[in-house]
Amino acid sequence: MQDVLIIGTGMAATALANTLAGKARVTLIEKSRGFGGRMATRRREGFEFDHGAQFFTARSQAFQQFLARPIESACIEEWQPRLTTLEAGLAPYKREWFEPHFVAIPSMNSLCKESLKALEGSVTINLGREIGSLEKIDSGDAQCRWRVFAKQTDDQREVLGEFDWVLSTAPSAQTSTLFANTDFSQLSRLHDAVHLPCFSLMLGLAASPKFNFDLAIVKESPIALIVANASKPQRDASHSLLVHSDNGWARENFDADRADIEQQLIDASSSLLGLDAASIVHSDLHGWRYAKTEIAADEDFLLDEESQLAACGDWCLGGRIEDAFLSGQRLGLSLAALFGK
Ligand SMILES: Cc1cc2nc3c(=O)[nH]c(=O)nc-3n(C[C@H](O)[C@H](O)[C@H](O)COP(=O)(O)OP(=O)(O)OC[C@H]3O[C@@H](n4cnc5c(N)ncnc54)[C@H](O)[C@@H]3O)c2cc1C
């Protein structure tokens with residue numbers, strides 16, 4: 001059996017692991033302490049925020065099939081928020097969704113977490129380990145093998161393992177850094193995909209907000225989206241408000257002082273929603289450098305059979321959770337066919 005390393009535990013990695021489990025010896029290494037990647041959840045001071053992706057749709061048969069079991073086991077549910085559009089100086093206007101929008105239960109990271117935990121025994125999972133580089137092992141024969149090193153914090157080079165195949169699900173720019181010193185033939189294609197950043201402002205309110213919406217799309221503002229987290233199914237009742245910045249605004253301001261960014265987003269939220277400073281009892285900010293795909297690579301995945309390296313993720317096909325799933329699953333199916341030859 002081939003030894004396969006999957007970098008990440010987000011949606012693409014989850015799809016890959018599900019497809020390859022039992023067909024290869026699979027190890028996942030993830031730099032964060034939790035599962036889910038950009039399907040992320042943060043809990044602080046009694047407040048809870050899905051501070052990455054908010055919801056997902058399922059348009060393809062393949063993703064719908066994958067979701068059948070989590071739906072049956074109530075690991076995901078449809079979310080039907082009250083929708084509105086907000087623009088300073090204009091009356092809010094209601095919107096409607098015309099297809100089901102799902103959230104994971106009890107938090108967005110649960111879908112990857114439960115799906116990967118169900119594979120325990122047939123895949124190995126290592127959380128909280130960041131991969132820094134790869135090195136080809138020169139064994140003298142034609143067999144390709146990779147030695148994988150942890151990100152260096154001192155002079156020590158810590159080996160995390162040796163693998164026949166390395167599959168990265170990290171955003172394209174991060175994969176390009178990881179594969180920089182390899183002979184990956186698709187290296188230049190990684191630069192075709194471009195991500196936009198986003199800031200997530202997490203506000204804990206002293207009392208339940210009296211808004212007439214659960215999800216607001218915001219126009220002409222540094223803010224793009226506001227979500228009342230407790231309106232999602234099976235969330236705790238904390239008064240947690242999630243604010244996503246506009247992607248263009250985040251690009252212009254990404255390297256600015258984070259305290260200034262946080263204050264600007266608090267000011268913009270307060271003036272839009274009529275919040276006074278005393279009602280905000282908790283505030284936190286997260287910056288996503290690679291949040292949303294601006295330009296996709298327009299490929300299912302990037303695979304180099306000779307070097308035994310591959311890359312997949314949302315940025316291959318678009319910028320949504322379903323794109324990440326499809327990219328990961330399609331790479332997994334291709335490799336499973338290759339390993340079965
Ligand atoms: C703020 C925000 C809002 C969004 N809203 C939505 C939405 O509402 N609906 C929707 O469908 N999509 C949304 N998205 C996009 C969605 O989150 C992504 O499309 C999807 O989660 C990407 O999955 P992925 O597996 O391709 O990548 P990721 O989730 O980024 O997974 C890659 C993983 O690799 C790990 N990793 C990276 N480098 C290393 C390394 N060197 N060593 C070890 N591990 C590493 C990362 O920690 C991460 O866990 C949003 C994203 C953001 C940030």
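Start your tour at the seam between the two domains: search there for salt bridges and the count between domain 1 and domain 2 comes back as 0. Keep in mind throughout that you're looking at a predicted model.

**Stop 1: colour the domains**

Select 1-33 + 127-192 + 296-341 and give domain 1 one colour, then select 42-107 + 194-295 for domain 2; these bounds come from the domain assignment of the protein. Drop a pseudoatom at the centre of each, using C-alpha atoms, and the two sit 30 Å apart.

**Stop 2: the seam itself**

Now show the residues that touch across the boundary. On one side you have 21 residues of domain 1, in contact with 16 residues of domain 2. The size of an interface is often given as the accessible area lost when the parts come together. Here, domain 1 and domain 2 bury about 1400 Å² between them, with 62% of that on carbon and sulfur atoms. Zoom in on Ile 321, Glu 322 and Phe 325: this trio supplies 34% of the area that domain 1 buries against domain 2, more than any other three residues.

What about polar contacts across the interface of domain 1 and domain 2? The rule finds 4 residue pairs, both partners at pLDDT 80 or more. For the secondary structure on the domain 1 side, pick helix H1 (11-20), helix H4 (172-178), helix H8 (314-317) and helix H9 (321-339), the elements that each give two or more residues to the side touching domain 2. H9 has the largest share, at 5 residues. Colour that side of domain 1 by class and you get 9 nonpolar, 8 polar and 4 charged residues.

**Stop 3: around the ligand**

Next, centre on the ligand and bring up its surroundings, 34 residues in total. Which of them come nearest? That would be Ala 12, Glu 30, Arg 38, Phe 55 and Asp 314. Try a few distances while you're here:

- Arg 38: one of its polar side-chain atoms is 2.8 Å from a ligand oxygen.
- Gln 54: a backbone N or O atom lies 3.2 Å from an oxygen atom of the ligand.
- Ile 131: a polar backbone atom is 2.9 Å from a nitrogen atom of the ligand.

**Stop 4: a salt bridge to look at**

The domain seam gave 0 salt bridges, but a search of the whole structure turns up 22. For an example, select Glu 135 and Arg 157, whose side chains meet at 3.0 Å, N to O. The pair links distant parts of the chain, 22 residues apart: Glu 135 belongs to strand E10 (residues 131-136), while Arg 157 is in the loop between strand E11 (146-150) and strand E12 (159-163).

**Stop 5: two backbone oddities**

Go to the loop between strand E8 (102-104) and helix H3 (110-117), where you'll find Pro 106. The peptide bond leading into Pro 106 from Ile 105 is cis, with omega near 5°.

Finish at Glu 220, in the loop between strand E15 (215-219) and strand E16 (223-228). Check the phi of Glu 220: it is positive, about 50°, although this residue is not a glycine.

Methods. Residues numbered from 1 in each chain as written. Predicted model: local features only at pLDDT ≥ 70, side-chain atom pairs only at ≥ 80, totals over all residues. Heavy atoms only, no water. Domains from an automatic or database assignment. Contact = heavy atoms within 4.5 Å. Buried area = accessible area lost by both parts, 1.4 Å probe. Salt bridge = Lys/Arg side-chain N within 4 Å of Asp/Glu carboxyl O. Polar contact = N/O pair within 3.5 Å; in protein donor to acceptor, adjacent residues only side chain to side chain. Helix = DSSP H or I, 4+ residues; strand = E, 2+ residues; numbered from the N terminus. Nonpolar A, V, L, I, M, F, W, Y, C, P; charged D, E, K, R; others polar. Near = heavy atom within 4 Å.
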